[in-house]
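Student: Before we go through this model, could you show it to me, so that each term we use can be set against its definition?

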Amino acid sequence: MTETAVSAKPRPALNARRSFWLKQLHQWHWISAALSLIGLLLFAVTGVTLNHAAQIPARPATVEQTGRLPAPLLARLADLPEETTDPVPAAVARWASDAFKVRIAGRPTETTADEVYVALPEPGGDGWLTIDRATGEALRERTTRGAIAWLNDLHKGRNTGPVWYWFIDVFAAACIVFAVTGFGLTWLHARQRPSTWPLLGLGLLIPAVIAVLFIH
């Protein structure tokens, strides 16, 4: 009688431990799923569009704007060396913001004796601003390649700025939590689902075989 009672004790403890981990994994799984759902959809869709970028036509559209830097501000450009990557003076940056709706404050330039050139890349497009150092004539050119190109660049983090840069890292962390907790739930339920490990094995085997045999 005593031996039976002792041997029966571990099972309730085991079940309690299993229930604890199931609860924790379910909690973190649905939280990480909620946080990463929209991002997962975005990155999955743009993964397809990037994979078929050559088959998706893009229609670049280019817009040019011209202006003239006021003489007092043009004089400030004289303070720049003939060859430098220093940003333009703050007053010139404010003028460009008002005239062309661009942010060039703090951006490196490609300054020569003749002109100041500021590259203005953006997701799904490109652009630049030049200012003639003799006349003050300014030319702003912007080229966009459509919504698909914009989304593709979000996927790659190309020219998206520091906030999106950090968002990608946080989103990736949420995806890792989602995947790890999903694996934990799979592990705990595997005994009742015989196909669990064969399917997981296929998930590992298929990309491994493709990588070994078809990627050169």
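Tutor: This is a predicted model, and a good place to begin is the pairing of S4 with S5, which run antiparallel and are joined by seven bridges.

Student: What makes S4 and S5 a pair?

Tutor: Two strands pair if at least two bridges are found between them; seven bridges join S4 to S5, so the criterion is met. Within this pairing Gly125 stands opposite Thr144 in S5, and in the hairpin of the two strands, which has four residues between them, Gly136 takes a positive phi near 85 degrees.

Student: How do you know that S3 and S4 pair?

Tutor: The cut-off is at least two bridges, and five bridges join S3 (residues 115-119) to S4 (residues 125-132), so these antiparallel strands pair as well. Val118 has Leu129 as its bridge partner in S4, while Tyr117 stands opposite Thr130. The hairpin of S3 and S4 has five residues between the strands, and Gly124 in its turn has a positive phi of about 75 degrees.

Student: Why are S1 and S2 said to stand at the edges?

Tutor: The open sheet has the order S1-S5-S4-S3-S2, with antiparallel pairing. S1 (61-68) and S2 (110-111) each have a single partner strand, so one side of each is left without a neighbour in the sheet.

Student: Why is Asp153 called buried?

Tutor: Buried means under 20% relative accessible area, and Asp153 is at 6%, so the term applies. Asp153 lies in helix H5 (residues 147-156), and its contacts beyond four places in sequence include Gly124 and Gly125.

Note on methods:
Residues numbered from 1 in each chain as written. Predicted model: local features only at pLDDT ≥ 70, side-chain atom pairs only at ≥ 80, totals over all residues. Heavy atoms only, no water. Buried < 20%, exposed > 50% of the residue type's maximum accessible area, 1.4 Å probe, protein only. Contact = heavy atoms within 4.5 Å.
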